[in-house]
Amino acid sequence: LEAGGSMSRFPLIPVQGVPLMNHIANNWDSISAFEPHPSDLLIATYPKAGTTWTQEIVDLLLNDGDQEVCHRAPIVVRMPFLEIFSPPPVPSGLDLLKEMPPPRVIKTHLAFQLVPQGFWKNKCKTIYVARNAKDNLVSYFHFDRMNLTQPEPGPWDSYIPKFMEGKLAWGSWYDHVKGYWKEREKNNILYLFYEDMKENPRREVERIMRYLGKSLPDDVISRIVELTSFKAMKENPMVNYTFIPMPVFDQSISPFMRKGEVGDWNNHFTQEQSRVFDEDYEKQMKGSNIPFRTNI
Ligand code: A3P
């Protein structure tokens, strides 16, 4: 993949109240008109919740643990990113989808209400991955530092309120996780947690396998768990985003495969920042019973 033209951090434009990068907002009509095939699978997340990890697990499961097949191309080519329109050197989702026959695995960060209706009409299988707010925020902060297409994160202490107010690309984390949670039963969405995947990766890989309607032998499952460990993925050039050239992703600022832990927020939030965040969290999440864990 090559960097196209000069680098710019894209401004955000609201689409139905959700701030999206301008190249997405400017192409909104064609994105929302996308018609998936009933056999297509959607992987939906708020940015930095464990998308890439889940994508690689799914690709390995669908290919019976065949490592070579899963090395066929960078993850952004294997699985179109629905709403992305180049300029960033991630290929445009809709262009890739035009070339690729179903069944496809499609990535999105869109909030539930912005996902093209065809996915629900066609009853497409959907995997949603959620990560606790504080770790998700920390991961997004470091990503915004190194991804030079995303808006400037600014200093850490001013980033926290931006997250709390839903002013980052793809909008409010709170609305995002609640939106899919509310719809999970009606739309047969498999709702996963990053913390569960860290705690017991094998259990979660098996859960995904069953959802996909597959049954693989124990040794293949073990191999998939190994190939999708943080360490293995950090070294795998097809998933570690080193295929995105400088200066678009400047991994010398912060690597894409940064830390891969639960509870790294403890190393970032001061006690006071944590207190303010928690107090607001209680308000924003009031009445929802999503079992998030900030430590395991
Ligand atoms: P950190 O920044 O906390 O390290 P996404 O793929 O949605 O952009 O999410 C990226 C986050 O998931 C990063 O979190 C990254 O390190 C983490 N991650 C990626 N692969 C992982 C794996 N195999 N195990 C644990 N965490 C992983």
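Which residues in α7 meet which residues in α8? The legends below take that question first, in a model that is predicted.

**Close-up A. The contact of α7 with α8.** Leu137, Tyr140 and Phe141 are the α7 residues here, and they meet Trp156, Tyr159, Ile160 and Phe163 in α8. By class, this contact has seven nonpolar residues, with no polar and no charged ones. If you like to set up the geometry yourself, α7 covers residues 133-146 and helix α8 covers residues 156-164.

**Close-up B. How α7 and α8 cross.** Two packed helices are described by the angle between their axes and the distance between the axes. For α7 and α8, the angle is about 120° and the axes are 11 Å apart. An angle of about 120° therefore makes α7 oblique to α8. The crossing in which α7 passes α8 is right-handed.

**Close-up C. The packing of α3 with α11.** Here helix α11 (residues 201-211) packs with α3 at an angle of about 55°, and their axes are 10 Å apart. The two helices are therefore oblique to each other. Their crossing is right-handed. On the α3 side, the contact is made by Ile57, Val58 and Leu61, and on the α11 side by Val205, Ile208 and Met209. Sorted by class, the residues in the contact of α3 with α11 are six nonpolar, no polar and no charged.

**Close-up D. The shell around the ligand.** Now for the view a modeller may want to linger over. There are 19 residues around the ligand, and those that come nearest are Thr51, Thr52, Ser139, Arg258 and Gly260. Two or more residues of the shell come from each of α3 (51-62), α7 (133-146) and α13 (230-235). Which element gives the most to this shell? That is α3, with three residues. By class, the shell divides into nine polar, six nonpolar and four charged residues.

**Close-up E. The buried residues of α9.** Helix α9 spans residues 173-183, and its buried residues are Trp173, Tyr174, His176, Val177, Gly179 and Tyr180. What do these buried residues pack against? Their partners include the strands β3 (41-45), β5 (125-130) and β6 (189-193). The helices α7, α8 and α14 (271-284) are also among the elements they pack against. Readers coming from the opening views will recognise two of these names, since α7 and α8 also pack with each other.

Technical notes: Residues numbered from 1 in each chain as written. Predicted model: local features only at pLDDT ≥ 70, side-chain atom pairs only at ≥ 80, totals over all residues. Near = placed C-beta within 6 Å. Helix = DSSP H or I, 4+ residues; strand = E, 2+ residues; numbered from the N terminus. Nonpolar A, V, L, I, M, F, W, Y, C, P; charged D, E, K, R; others polar. Axes fitted to C-alpha atoms, helices over the stretch in contact; angles between N-to-C directions. Parallel < 35°, antiparallel > 145°, perpendicular 65-115°, else oblique. Left-handed = near helix turned anticlockwise from the far one by under 90°. Contact = placed C-beta atoms within 7 Å. Buried ≥ 20, exposed ≤ 12 C-beta atoms within 10 Å, placed from the backbone.
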